[in-house]
Amino acid sequence: LFMQKWKRRALAFLYRPALLAQAPGLPVAKRMLGSMGYPVERELDAILPHLEARLYNSDAFPHEIGFFLGYPPADVVGFILYNGKRCKHSCMWKVYGDVEKAVKLCDEYRACSHQCCRYVETGGDLPTLPEAARPAV
């Protein structure tokens, strides 16, 4: 768990290490993250501090976080390359690749987000949220 606050928003990054460890290993993610200075040849424990530092020290939001959130790699790369413009579709993120696949995934993310909000609203705490939230698939 790590958090970052801006003027009117906050980000809490909670994760299951086993699932998150898959993200930087995808070939396109590995190439792009490596070009941004991430230590992609090392374990997740070495990569996450780099992401956290980017969140805390960047004036702009580090959009490569999409790789870690499980967004389709084509959408993360497209957003970064086109600076958020010229997308095919927009849901929780901007879609540059397979629209049908992204819409389905976005629906799953919305269901999970709703489940997480309900968990916290009913007294669940943030540290236990990753284990309490299960995909609605």
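This passage describes aromatic pairs, a buried glutamate, a helix and the cysteines of a predicted model.

Five aromatic pairs are present in the structure. In one of them, Tyr38 and Phe68 are tilted with respect to each other, with a distance of 6.0 Å from centre to centre and an angle of 40° between the planes. This pair links distant parts of the chain, since Tyr38 belongs to the loop between helix H2 (27-35) and helix H3 (44-57), whereas Phe68 belongs to helix H4 (residues 65-69), 30 residues apart. Tyr38 is buried, its relative accessible area being 4%, and Phe68 is likewise counted as buried, at 7% relative accessibility.

A further pair is made by Tyr71 and Tyr109, whose ring centres are 6.0 Å apart and whose planes meet at 40°, so that this pair, too, is tilted. Because Tyr71 is placed in the loop between H4 and helix H5 (73-82) and Tyr109 in helix H6 (residues 99-121), the pair ties together parts of the chain that are 38 residues apart in sequence. Tyr109 counts as partly exposed, with a relative accessibility of 23%. Together with Trp93, the residues Tyr71 and Tyr109 make up one aromatic cluster.

Tyr38 also appears in the surroundings of Glu64, a residue of the loop between H3 and H4. Glu64 has a relative accessible area of 1% and is therefore buried, the limit for this class being under 20%. When neighbours within four places in sequence are left aside, the residues in contact with Glu64 are Leu33, Met36, Tyr38, Arg54, Val76 and Ile80.

Val76 is, in turn, one of the buried residues of H5, which are Asp75, Val76, Val77 and Gly78. The elements that cover these buried residues include H2, H4, strand E4 (94-95) and H6. After H5 comes Asn83, which has a positive phi, near 55°.

The cysteines were examined for disulfides, and the count comes to zero. For Cys87, which is in no disulfide, the nearest cysteine sulfur is that of Cys91, at 9.2 Å; because a disulfide requires sulfur atoms within 2.5 Å, this distance does not qualify. Cys87 is partly exposed, with 29% relative accessible area. Cys117 is also in no disulfide, and the nearest cysteine sulfur to it, belonging to Cys116, is 7.0 Å away. At a relative accessibility of 40%, Cys117 counts as partly exposed.

Notes:
Residues are numbered from 1 along each chain as its sequence is written. This is a predicted model: local features need pLDDT of at least 70, side-chain atom pairs count only at pLDDT 80 or more; totals for chains, interfaces and linings use all residues. Side-chain values use heavy atoms; hydrogens and water are left out. Rings of Phe, Tyr and Trp (its six-membered ring) pair if their centres lie within 6.5 Å; planes under 30 degrees apart count as stacked, over 60 as edge-to-face and the rest as tilted. Helices (H or I, at least four residues) and strands (E, at least two) are DSSP runs, numbered from the N terminus. Buried means under 20% relative accessible area, exposed over 50%, partly exposed in between (1.4 Å probe, protein chains only). Contact means heavy atoms within 4.5 Å.
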